[in-house]
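Q: Please take a close look at one strand in this model and describe how it is covered and paired. After that, set it against other parts of the structure.

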Amino acid sequence: MLQSLAYFYCWLIRFIIPVAAVTVIYLLFKILIGNKKEKPIFARLIDQNGKIFPITSKENIIGRGRHCDIVIRSKSAPLNAAAITLGENGWTLHPVGDILLNGNEPEATEQIGHGDIITVASAELTLDDSRDPYIPYDKNDELNLVRAKCAAVVLTMLQVMVALSLTIHYLSTDAFPIQLPICFGGLVAAEWLYLSVKKFDGVGIELCAFFLCTFGLSVAASAMPNSLYKQFIAMMLGLLLFIVISFVLKNLSLTMKLRYAVGIIGVGILFFNILFGTELNGAKNWIDLGFITVQPSEFVKIAYIFAGCASLDRLITTRNFLLFTGFSGACLLPLFIMRDFGTASIFFIGMLIIVFMRSGDLKAIILFIVAAIIGAAAIIALKPYVASRFATYLHAWENPYSGGYQQVNTMIAIGSGGLFGVGGGEGNLDTIAAADTDLVFGFIVEEWGLIIGLCCVAILILFTLYAIKRAGMTRSVYYSIAAAAASGMFLFQAALNIFGSTDLLPLTGVTLPLISNGGSSIMASMGMLAFIKSAGLGGDTR
Amino acid sequence: MKQMSLRSLFLLLFTVAFSIGLFALCYLSFTNGDAWTSFPANRHIYKNGVIVNAGDITDRDGKILATTENGERIYSPDFYTRVSTLHAIGDFKGFIKTGISTSHWDTLTGYNRATGLFSAKSGGNNVKLTISAEVNTTALKALGNYSGAVGVYNYKTGEMLCMVSSPTYDPTKDINEDEGIYMNRFLSSSYPPGSTFKLITAIAALETLDDAETRTYFCDHGTTVDGEIITCMSKHSEMTLREALAKSCNAYFSQLAIDLGAETLQKYADKLGFNSSAEIDGIKAKASRIDLSNIRKVDLGWAGMGQYTDLVNPLSYLTIMGAIANEGRAVKPYMIESVTTADGIKIGSSSTDYTSQLFSKTTANKLKEMMRYTVSSTYGDHRFPGLSICAKTGTAEVDDGITPHSWFVGFNMNDDCPLAFVVVAENAGAGVGVARTVANKTLQAAKELY
């Protein structure tokens, strides 16, 4: 009786779980990219003819260029004339081209106030900040609170169903892991504690993370229940890291002060890794701390973005990328020495995004890509064993028991799972090496079905869409660049993981962010999320 | 800030590229998912290269032909049941591609693209066949040492009662030779049709010539076409279609074929299913072949009596017999009667499905009468006790010095036992000999089911 009830539950749940997951994903899309927000007006510039230019951001460029926030239609005006930014001490002018402030040549930075006149070519712009900043009341914010609450409730139902499904699986075996209910319970408790403290306001990114963590835990529970505590603790430490980084990022001047220190620490860690690292699965990218092994390169991703992004005043005044390029090289070189090519390519993509966001220079991007291709060719020519690691690429089915073993088994798992999966814990992929990390997409599809697999991936896509939508609305370009870099690196890493395990790309052995089993990966991914979240720091919150 | 908005579109490129990749992956998993899932390394269903998590295959009486016991896949314990139904159910290692075990692995394991292998762990689905192990046994014993194929089906409902291919083997024993034993000759082979092809020529004549029944041709131990002789066994002199079919006169049918012309004969052969493969439960059979383009007149004469390059597949012939018996429109043969889940819920059953009208009802009834006359006047009704057989023999010349293949095709015209049959025995000599005997023994066994 109990057995057939359990069977019926497992049969039914396969269809309810995807419905719940799709509902959560829909709500998250609505919360993060569904709203049209009216831009706030902080001040105005009024020219001699009475034409009004509203200032809607805290960082603005004045100039002739079409990319400028305030476009001066005069042939004699410089492409970029100046930047004006709003800080704690009011407005600041950063001249770039030939301009006058109240008739005089300005210093490198000038505090400006109400009534000051900026002359750009023939235009005489008078600053008007006499009125209170207009902050539009957004009725969508109310709606988002409701959406967040609904998403949290459905997500918790989902978590209970997933945990129960795994429980039923383990009850039919001899060994029931007590870690299972404790860790799932812990996740739900931490989630509700966090959301309540935040009063469900602006928690879209965090809800995304909790969704992915749910399936991350399910993979750990199914593949190796003994790793559940470790994985759960790493998640909680990751959440803490997320909170700390978010706190620092909120304070832009503190962030700018810490950049150099963080960058130096990041490079330092990588070189330390080369000297004292241990080898695991062909890459020497682990450090054994005695009681636990960590993968430092995961954390250096955070340092890389933290130090690599810049705010507008620096962008517009220093056109020199030498320092950033050098910093990127200092991060990439150790990764090549460690033969961690997957992570190296993720850093490379992060570099491309940051360079383009900072400079808008397509030529530089093409140059970097050409250099990378030449570099890759040189490595393959000099060290043929590197190429041999990718020898079975696109030929997995011809070598199903040798080089293509992991890919073939991943595809078998995807086929066996169908749209709804064979049920929690019922998958067979767990006996294959790295199933819960490198092959985790197949793992999820086998047990929970393709719909859930696609839901998890949809969240990673949502992150980039969020970064794109928010890019022009953040408080500082620093956040725009950081969010673009973090979400782009996530997406590229997901591509390497998913397409690598299914033989559409070479198998490089990187994790799927926020899902793969592994403490360093989950912690660092949670930290990276803070950058994506920072794109939500709008101009309307002073 | 505006330029950030523009530059962030760079990220959109990544997102679009990623989405395309994801779409490609979904597309692949949809088109190749069944191939991925049925790969022998899949431990959801396989054990040592054998699909074990699959339901039972039973014959029409519920006799178990294949089942899983204690995690091992096993065949029927009865030797003759095992060897005579082997090609229908297929071996478990997958050498017999057309067998149900291989071709319908998805039905047996409960796999489909949407729900994956969820139901495989509870034992998959049971498949009940329309085939009778007893009739199969009789047919295989009757064939004796001859290679060949026997097929019998109910031309009113479409149920295959018997499908046997010889040589066969005992799948529970190790075998080291494979002289075509993995091929189901009923589905995957094609033979020269010999005189049985005269039925096709007769259909083309009855459909196109107004005087088909009355026109006569002369037979003088054959006939001469463009200076070449087409031989006939006897001197039949002047005869009509009815007499010529009964006596299987080569001279008559070669002259008739020449008068019909290559185009007409080709058209009717194609309409009857030549040059396209028949299917049974989605399993594709080998296509019958005929190509009369650019043919010499004398060769058209040979073709009209089945001795040119024509090749006939037994299943496609069975369908033509069904059409003659069933007023020009055949019921398509099937062998899966029903599919039930492990809990006994019926999730699929075959239904009677017709071909298009292959030829007119009048043609069918006239030919039926002629075939009946052929049996009563030439072969003798006493050889088929209790049945009213309409049939045609064939003795298909293969090569000089090699004994010809023996054909016997037709149907029983009694409504209470509506069975059509095709028997072919390789290198067994005249059709009136081995093939006719095998057909009778098989039909006598099949008759017991009605």
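A: The answer begins with the strand itself and then moves outward to other parts of the two chains. The model is predicted.

The strand chosen is β19 of chain B, residues 419-425. It is mostly covered, with seven of its seven residues buried. A residue counts as buried here if 20 or more other C-beta atoms lie within 10 Å of its own. In a regular strand the side chains alternate between the two faces of the sheet. In β19(B), Leu419(B), Phe421(B), Val423(B) and Ala425(B) point one way, while Ala420(B), Val422(B) and Val424(B) point the other way. The residues of both sets are buried.

Two strands of chain B pair with β19(B), and the first to describe is β7. Strand β7(B), residues 148-154, is joined to β19(B) by seven bridges, and the two run antiparallel. Within this pairing, Gly148(B) stands opposite Ala425(B). Strand β18(B), residues 405-412, is also antiparallel to β19(B), with six bridges between them. There Val409(B) is placed opposite Val422(B). β18(B) and β19(B) form a hairpin, and six residues lie between the two strands.

Elsewhere in chain B there is an open sheet of six strands with mixed pairing. Its strand order is β5-β4-β3-β6-β15-β16. The edges are β5(B), residues 72-75, and β16(B), residues 346-349. Each of these has a single partner strand, so one side of each is left without a neighbour in the sheet. Inside the order, β3(B), residues 57-58, and β6(B), residues 125-129, pair in the parallel sense over two bridges. In that pairing, Thr58(B) has Lys128(B) of β6(B) as its bridge partner. Helix α4(B), residues 79-89, packs on this sheet and touches β3, β4 (64-69), β5 and β6 of chain B. The direction of α4(B) makes about 85 degrees with that of β4(B).

A helix in chain B offers another case of burial. Six of the eight residues of α13(B), residues 297-304, are buried, so this helix is largely enclosed by the rest of the structure. The buried residues are Asp299(B), Leu300(B), Gly301(B), Trp302(B), Ala303(B) and Gly304(B). Their cover includes helices α9 (198-208), α11 (250-260) and α12 (262-271) of chain B, together with strands β10 (222-225) and β11 (228-231) of chain B. Just after α13(B), Gly306(B) takes a positive phi of about 85 degrees.

Chain B also touches chain A. The contact involves 47 residues of chain A and 35 residues of chain B. On the side of chain A, the elements that give two or more residues are β3 (59-63), α10 (341-359), α13 (405-417), α15 (450-470) and α16 (477-501). By residue type, this side of chain A divides into 26 nonpolar, 17 polar and four charged.

The strand β3(A) named in that contact also belongs to a sheet. This sheet of chain A is open, has five strands with mixed pairing, and follows the order β4-β3-β5-β6-β8. Its edge strands are β4(A), residues 70-71, and β8(A), residues 110-112, each pairing on one side only. β3(A) and β4(A) pair in the parallel sense over two bridges, and Ile62(A) stands opposite Ile70(A) in β4(A).

Chain A is divided into domain 1 (2-33 + 139-534) and domain 2 (43-128). Taken over C-alpha atoms, the centres of the two domains are separated by 42 Å. Each domain gives eight residues to the contact between them. Helix α8(A), residues 312-317, gives the most to the domain 1 side, with four residues. That side divides into three nonpolar, three polar and two charged residues.

Some figures for chain A as a whole complete the account. The secondary structure of chain A comes to 17 helices and 13 strands. The radius of gyration of chain A is 26 Å, close to the 24 Å that the globule rule gives for 542 residues, so the chain is as compact as a globular protein of that length. Along its principal axes, the C-alpha trace of chain A spans about 85 × 60 × 40 Å. Buried residues make up 52% of chain A. Of the contacts in chain A with a separation of 6 or more, 67% are between residues 24 or more positions apart.

Technical notes. Residues are numbered from 1 along each chain as its sequence is written. Chains are lettered from A and ligands numbered from 1 in the order in which they are written. This is a predicted model: local features need pLDDT of at least 70, side-chain atom pairs count only at pLDDT 80 or more; totals for chains, interfaces and linings use all residues. Domain bounds come from an automatic or database domain assignment. Two residues are in contact if their C-beta atoms, placed from the backbone, lie within 7 Å. Ala, Val, Leu, Ile, Met, Phe, Trp, Tyr, Cys and Pro count as nonpolar, Asp, Glu, Lys and Arg as charged, and the others, Gly among them, as polar. The radius of gyration is taken over C-alpha atoms; the globule rule is 2.2 Å times the number of residues to the power 0.38. A residue is buried if 20 or more other C-beta atoms lie within 10 Å of its own, exposed if 12 or fewer, and partly exposed in between; C-beta atoms are placed from the backbone. Two strands pair if DSSP finds at least two bridges between them. Axes are lines fitted to C-alpha atoms, for helices over the stretch in contact, and angles run from 0 to 180 degrees between N-to-C directions.
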